[in-house]
Amino acid sequence: MFKEFIKYTEVSDARIISTFSSSKKNLPEAEFLFSHVLNAQHIWTCRIKGTLPFYQRFQIHTKQSFQSLHTENIENLYALLDTDLERIVKYSNTEGGYFESKISDILFHLVNHSTYHRAQIAMNFRLNGIQPPVTDFITLKRENLL
């Protein structure tokens, strides 16, 4: 199931990146939100792997860097599927709080978090006269993309 969730994130994020790439408009709020999505994916995979992240939670990236960050994140997420998903990960959040979570719970959170912010990005696209891409799970499933 997690492989399909990661595929959902991969396809949905790719559609968002494609929309950014084809737009000539300046969309700072949407770019901020999508940067946050990519940063969060990176940070969570680093926590699971026990490495320090390169990016901070609200670090802003250019539209031109979205694809390479996305590709790296997705590769790292798929690689995590080869680990024990019930393993407990100990980590500190950005405010210094200490937590322990199962990898499976972290992966579910990561997918859900990305979906939440893609919806905000879609609204921002609409407000700026840009048709947002379809990223509904069931639609992608029906289109045999998952």
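At what angle do the axes of α2 and α3 cross, and within what distance do they come? The axes cross at roughly 30° and come within 10 Å. Angles under 35 degrees count as roughly parallel, so α2 is roughly parallel to α3. This is a predicted model. The angle and the distance are the usual starting point: two packed helices are described by the angle between their axes and the distance between the axes. The handedness can be added too: α2 passes α3 in a left-handed crossing.

**The two helices**

Length is a quick check on a helix. The table sets the expected span beside the distance between the end C-alpha atoms.

| Helix | Residues | Expected span | End C-alpha distance |
|---|---|---|---|
| α2 | 22 residues | 32 Å | 31 Å |
| α3 | 15 residues | 21 Å | 21 Å |

For α2, the two values agree. For α3, they agree as well.

**The face of α3**

Helix α3 covers residues 66-80. Its buried residues are F66, L69, H70, N73, I74, N76, L77 and L80. Seen down the axis of α3, these buried residues fall within an arc of 165°, so they line one face of the helix. A general rule helps here. An α-helix has 3.6 residues a turn, so residues three or four places apart point the same way.

What does the buried face of α3 pack against? Its partners are α1 (2-22), α2 (28-49) and α4 (103-127).

**Where α2 meets α3**

Many residues take part in the contact. From α2 come E31, F34, S35, L38, Q41, H42, T45, I48 and K49. From α3 come F66, L69, H70, E72, N73, N76, L77 and L80.

**A closer look at α2**

Of the 22 residues of α2, 18 are buried, so this helix is largely enclosed by the rest of the structure. P28 also belongs to α2. Is P28 buried or exposed? P28 is exposed, with a relative accessible area of 53%. Exposed means over 50%. P28 and K63 lie 35 residues apart in sequence, yet their C-alpha atoms are 9.9 Å apart in space. After α2 comes G50, with a positive phi near 75°.

**An unusual backbone angle**

Most residues other than glycine have a negative phi. N144 is not a glycine, but its phi is positive, about 60°. Where is N144? N144 sits in the segment after α5 (137-142). N144 is exposed, with a relative accessible area of 67%.

Note on methods:
Residues are numbered from 1 along each chain as its sequence is written. This is a predicted model: local features need pLDDT of at least 70, side-chain atom pairs count only at pLDDT 80 or more; totals for chains, interfaces and linings use all residues. Side-chain values use heavy atoms; hydrogens and water are left out. Helices (H or I, at least four residues) and strands (E, at least two) are DSSP runs, numbered from the N terminus. The expected span of a helix is 1.5 Å times one less than its number of residues. Buried means under 20% relative accessible area, exposed over 50%, partly exposed in between (1.4 Å probe, protein chains only). The arc is that of the directions from the helix axis to the C-beta atoms. Contact means heavy atoms within 4.5 Å. Axes are lines fitted to C-alpha atoms, for helices over the stretch in contact, and angles run from 0 to 180 degrees between N-to-C directions. Angles under 35 degrees count as roughly parallel, over 145 as roughly antiparallel, 65 to 115 as roughly perpendicular and the rest as oblique. A crossing is left-handed if the near helix is turned anticlockwise from the far one by less than a right angle, and right-handed if clockwise.
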